[in-house]
Structure formats: structure tokens, C-alpha cells
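Please examine the sequence and the structure shown here. The paragraphs that follow lead from strand pairing to the packing of side chains.

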Amino acid sequence: MVDLSVRCGGLTLANPVMPGSGTFNESMARVIDIDRLGALVTKTITPEPRHGNPQPRVAEVTGAMLCSIGIPSKGPDHYLAEILPLYAGSRAPLIASISASTAGRFAALASRLTVAGVSAIEANISCPNLEEDGRAFAMVARDTENVVARIRAATSLPVWAKLTPNVGDITVIARAAQAGGADALVVANALLGMAIDVQTFRPKLGNVMGGVTGPAVKPVILRMVYQCARAVKVPIVGCGGIANVEDAVEYMLAGATAVQVGTASFVQPTAMIDIIDALPAFLQRNGLT
């Protein structure tokens, strides 16, 4: 008998597969049985409504997707009144992804979402910190530890810190997040990149630069997961270029306890279920339970 359950960041998950934030919403229930997922990670919300970045927001590049969505959000009141009830009957734990421009706003939003139905907070600390000249929280160890500690003090829920890969040594940031009280680390958000249309001589994204996701980034993020898993004691959730069971297993061999699937779901909406279905056979072939 194969047991796919894992203990990750204060939660017991039926299996280690979940969506990446921003790549999943309630409409997926029309395509897959979302109760079969290890967890449900909802789209990132912010303390105040946001319209997001100018169009175009998405461009296809070789082996990857380039996007600059800008976290459009309707705020916490809408989330609690309209989004949370949609998942009230789901068996999989709900992870609320949050983003804010200051440590105080992060803490206030985490407190606001500490309600029945939310199982954990995923703090997207890859966003700009207005108190530090717009540098992302997770680009500076001191800022990382401070914002995670503020969130940790504001909620009784498990706190998962989502790190940025756009740093020189991610292990320094990982240790800082652990020191701040993170229960798990999500490694990692998108690599910063850009593309230019040689017919129009204009950037392919309305915001010029954006995040690179998909298969092309996997070797980079996999290396970071390996490094972080050796540097900290808290669980790692691997996120970057996972499209099939081999990708998921590779991340877990590198030290991840669970994985998030993002871009692959845009290409193949059943990608997460396909991975869950394939895991038992992989384990059995290798004599593992």
C-alpha cells in the first residue's frame, strides 16, 4: 500500500501536490476533482484593491512563460465574503496567499485572514517593500526575518514564506525566514526577465519586465531547493517548472517535502491530478511505500 501523505509546514496533506498561487481558482473544479489535491493555494490578495499591471501581461518565450500580472486583487473583504465560501466543503486544506507593501500591512492582513476555513498563510514576500526603497522583502535577510516575525506574531495559523530566486545566495534568506518563525518555505517565485518584440521594437510585456516560469527555470529552482533543504530545518515546498511526475520526484529527491504546479496547468489543466495518479506507480516501481 502506497501512502502519499506528507507533513508540511504545520499541516498534514493527503499528498504532496498543490497549485502555485495565481494559477488556480474555483473554475478548476469544472476540470478536475480539487478534493484530490494535497492543498488549495488561492490567488494572492493584498490589503487594498489593485488593478494589476498594464496589458499585455503574458508572453510566451522558449520553454517558459513570461508574465507581469501585478497581483490584481479585490481585497480581504471580498476574499472572506466571496472566495472562502466557495471552498467551504473542500477536503483539501486552504492556503491563503497574501502580499503587502509593508511589514505592518502583511501582519494586519494575516490577522484578518486568521479565520475558520483558512488552514495556513502563504506570505508572498517577493513583492516590493516600500519601507526599503522598493526592494523585495525576500531580497534582504533583515527584511525577510522582520516581515516573517511580524506575520508570525499576528496569526495562529502556520506561516509559509514564499521566497524570490532573484538573490545571490538564497540560503541566507531561507535562514532568515526560518529565524522569523516560518513553518515552511516555498522555493521559489519567478525569475525576473523580459522579452522584446523585434517587429514592433517594443517590450512584449506592458510592464517591460516580468516573471519567467515553466520548464526552463526548473534547473535553477531545483538547485535552490537543494541548497535550502540543507540550510534549514523547516519543510521546503518546491515550485518551478514542474509538469510531470518525474519533475515532482526530482524536487523531492532534492529535499522538497511538497511541490506546487503552476504554468503546467495552463498547458494541461489536469497536470496536478496526472502527477498524483502517477506517483503510486513510480513508488511501486522503485520498491517504495
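In this predicted model, Val61 stands opposite Ala64 in strand E6. These residues belong to a hairpin: strand E5 (residues 58–61) and strand E6 (residues 64–67) pair in the antiparallel sense, over four bridges. Two residues lie between the strands of this hairpin, and Gly63 takes a positive phi near 70 degrees there.

The hairpin strands also take part in an open sheet of four strands, with the order E5-E6-E14-E11 and antiparallel pairing. The edges are formed by E5 and strand E11 (191–194); each has a single partner strand, so one side of each is left without a neighbour in the sheet. Averaged over the sheet, and with direction ignored, neighbouring strands are turned by 40 degrees against each other. As a general point, the strands of a sheet pair through backbone hydrogen bonds, either parallel or antiparallel. At the E11 side, four bridges join E11 to strand E14 (residues 209–213), and the two run antiparallel. Within this pairing, Met194 stands opposite Met209 in E14.

Attention now turns to the helices. Helix H1 spans residues 75–83, and its buried residues are Gly75, Pro76, Tyr79, Leu80 and Ile83. Against what do the buried residues of H1 pack? Their packing partners are strand E7 (94–98) and helix H2.

Aromatic rings come next. The model contains two aromatic pairs. In one of them, Phe106 and Phe137 are arranged edge-to-face, at 5.4 Å centre to centre and with 85 degrees between the planes. This pair links distant parts of the chain, as Phe106 lies in helix H2 (residues 103–112) and Phe137 in the loop between strand E8 (120–124) and helix H3 (141–154), 31 residues apart. Are Phe106 and Phe137 buried or exposed? Both are buried.

Phe106 also appears in the largest nonpolar core, which has 82 residues. Phe106 is among the residues with the most contacts inside this core, together with Leu37, Leu113, Ile125, Leu163, Leu185 and Val187. Helix H8 (residues 271–285) gives the most to the core, with eight residues. A second, separate core of 15 residues includes Val41, Ile95, Val237 and Cys239.

Val187 offers a closer view of the packing. When neighbours within four places in sequence are left aside, Val187 is in contact with Leu163, Ile170, Ile221, Met224, Val225, Cys228, Ile236, Val237, Gly238 and Cys239. Of these contacts, Leu163 is named in the largest core, whereas Val237 and Cys239 belong to the second one.

Conventions:
Residues numbered from 1 in each chain as written. Predicted model: local features only at pLDDT ≥ 70, side-chain atom pairs only at ≥ 80, totals over all residues. Heavy atoms only, no water. Phe/Tyr/Trp six-rings, centres within 6.5 Å; stacked < 30°, edge-to-face > 60°. Buried < 20%, exposed > 50% of the residue type's maximum accessible area, 1.4 Å probe, protein only. Core = buried A, V, L, I, M, F, W, Y, C linked by side-chain atoms within 4.5 Å. Contact = heavy atoms within 4.5 Å. Pairing = 2+ DSSP bridges. Axes fitted to C-alpha atoms, helices over the stretch in contact; angles between N-to-C directions.
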